[in-house]
Amino acid sequence: MTLKKRYIALITILGISIGWLSLGGTAIVMNYTSSTEFCVSCHSMQIPYEEYEGSIHFSNAKGIRAECADCHIPTDPVDYLMTKIRASKDLYHEFVTGKIDNEDKYEQHRMAMAEDVWEQLRKNDSATCRSCHTYEAMDTYEQSEDSAKMHQYALENSQTCIDCHKGVAHFAPEPEMDSAAFDNLLAFTDKTDPNAKIVYPIEPISIGDLGTIKPTTELHVVSRSETSRTVRIDAYQMKGAEQVLYIDRGQRAIVATLTEAGQQKLSVGDYQTDEYGNEWRSASLETQISTPVLDTQIPLWDYAQQLDTVYCSTCHAKIPANHFTVNAWGPVAKGMGERTDISEYDLEVLTKFFQNHAKDVAGH
């Protein structure tokens, strides 16, 4: 009986030892492979590590550093294990395929790698971000006015951190619009009804010594010949800025810019003062054009929404056009556009889309 108890005790001790070594060893391995030192030991991780070193998560006034695991490895046991399993592909591509073993290859696959991480954070509601940042702990009075507004908007619309903070520790993928999208837009001009009463330019139109008509502007067709159209712009002027035609009284969405000669050719109404003390008057200009036009703005707005997807939502969630007013969208779009390599033309079309669908232009 004593011998049997000894065997049982020995087997129990052996089982505990094996279990401890297995579980303990696994924990040690898991912990070690979660360290920043291990993460950046791969040659291909030097690029994101250098980006991380330049971020506020690496160095800041408060002396708080978020390590790789703090942002990339959730603490939930299931998510933790799944993240570890997914990470094995990085080792495979590092040592077997060489898929991202130099800077050119890395940039080629940056978007796909970023999308993988963003998708994981969307699914777990940015769990790793929320381990440090929560709406409840935010002192919005210490934030800029714009930041406070956007955080409130995100809270009201069930957005998660990664929807807006995609380039927080690493460079966001450089967005680029396929030229085929514009070619497709241009092709729609071939379908324009020759007898259309209202048309819209897809590009800026030079009207000789009179000035320039902006893309997307509504043009009323007065008459038409085989090679050209006589069109009329109905717009508004603000006193002191007579060289500019705006979409409406008090709304600074530019539809045309005029020379002195163009201003002299206008048919104008009387000035009226708005609630801010600015004086506005109606203004119409009749001129000839011979460039391709559309008989509907729909293809233009479809193109603009593609621009929104490529250049805006690469960095943050889409913001509905009716979130801002006409006048607010101008500087917002300009400021955001400066952070990308969007062309001047594309930014103008995108801005016109936002302004034409802003919350204070219903009916235009």
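A residue counts as exposed when its relative accessible area is over 50%, as buried when that area is under 20%, and as partly exposed in between. Keep those words in mind as you move around this predicted model.

**Stop 1: two unusual backbone angles**

Start by selecting S158. You will find S158 in the loop between α8 (145-156) and α9 (179-187). With a relative accessible area of 69%, S158 is exposed, because the cut-off for that word is over 50%. Now look at the backbone here: S158 has a positive phi of about 55°, although S158 is not a glycine. What makes that worth a pause? Most residues other than glycine have a negative phi.

Next, select T216. T216 sits in the loop between β3 (211-213) and β4 (219-224). Here, too, the phi is positive, about 80°, and T216 is not a glycine. Is T216 buried or exposed? T216 is buried, with a relative accessible area of 3%.

**Stop 2: a pair of charges on one helix**

Move on to helix α6, which covers residues 103-123, and select E107 and R110. These two residues lie three apart in the helix, which is about one turn. Show their side chains and you can see them meet in a salt bridge, at 2.7 Å from N to O. The partners have unlike surroundings: E107 is partly exposed, at 38% relative accessible area, while R110 is buried, at 7%.

Now add E51 to the selection. Which residues are linked with E51 in a network of salt bridges? They are E107 and R110, the pair you have just been looking at.

**Stop 3: other salt bridges**

How many salt bridges does a search of the whole structure find? The search finds eleven, and here are two to visit.

Select R122 and E115. R122 forms a salt bridge with E115, and their closest N and O atoms are 3.9 Å apart. R122 is partly exposed, with a relative accessible area of 30%. E115 is also partly exposed, at 33% relative accessibility.

Then select R232 and D234. This salt bridge has its closest N and O atoms 2.9 Å apart. D234 is partly exposed, with a relative accessible area of 36%, and R232 counts as partly exposed at 28%.

**Stop 4: the cysteines**

A disulfide is a covalent bond between the sulfur atoms of two cysteines. How many disulfides does a search of the whole structure find? The answer is zero.

To see this for yourself, select C71 and C129. The cysteine sulfur closest to that of C71 is in C129, and at 6.5 Å the two are too far apart for a bond. C71 itself is partly exposed, at 30% relative accessibility. Add C161 to the view: its nearest cysteine sulfur is that of C129, 4.6 Å away, and C161 is in no disulfide.

**Stop 5: two surface patches**

Turn to the surface and select V78, L81, M82 and I85. Together these residues make a nonpolar surface patch of about 360 Å². To get your bearings, look for V78 in helix α5, residues 77-97. V78 is exposed, with a relative accessible area of 56%.

For a patch of another kind, select E174, E176, D178, D183 and D341. These residues form a negative surface patch. Where in the chain does D341 lie? D341 is in the loop between α12 (326-337) and α13 (344-356). With a relative accessible area of 44%, D341 is partly exposed.

**Stop 6: meetings across the sequence**

Finish with two pairs that are separated along the chain. First select P194, in the loop between α9 and β1 (198-201). P194 counts as partly exposed, at 41% relative accessibility. Now add E226: P194 and E226 are 32 residues apart in sequence, and their C-alpha atoms are 9.5 Å apart in space.

For the last view, select D360, which is found in the segment after α13. D360 is partly exposed, at 32% relative accessibility. Add N322 and draw a line between the two C-alpha atoms. D360 and N322 are 38 residues apart along the chain, and the separation of their C-alpha atoms is 7.9 Å.

Notes
Residues are numbered from 1 along each chain as its sequence is written. This is a predicted model: local features need pLDDT of at least 70, side-chain atom pairs count only at pLDDT 80 or more; totals for chains, interfaces and linings use all residues. Side-chain values use heavy atoms; hydrogens and water are left out. Patches are made of residues with over 30% relative accessible area and no salt bridge: like charges are joined within 9 Å, nonpolar side chains (Val, Leu, Ile, Met, Phe, Trp, Tyr) within 5 Å. Accessible areas come from the Shrake-Rupley method with a 1.4 Å probe; for residues, only the protein chains shown count as cover. A salt bridge is a side-chain nitrogen of Lys or Arg within 4 Å of a carboxyl oxygen of Asp or Glu. Lys and Arg count as positive and Asp and Glu as negative; His and the chain ends are not counted. The place of a charge is taken as NZ of Lys, CZ of Arg, CG of Asp or CD of Glu. Helices (H or I, at least four residues) and strands (E, at least two) are DSSP runs, numbered from the N terminus. Buried means under 20% relative accessible area, exposed over 50%, partly exposed in between (1.4 Å probe, protein chains only). A disulfide is a pair of cysteine sulfur atoms within 2.5 Å.
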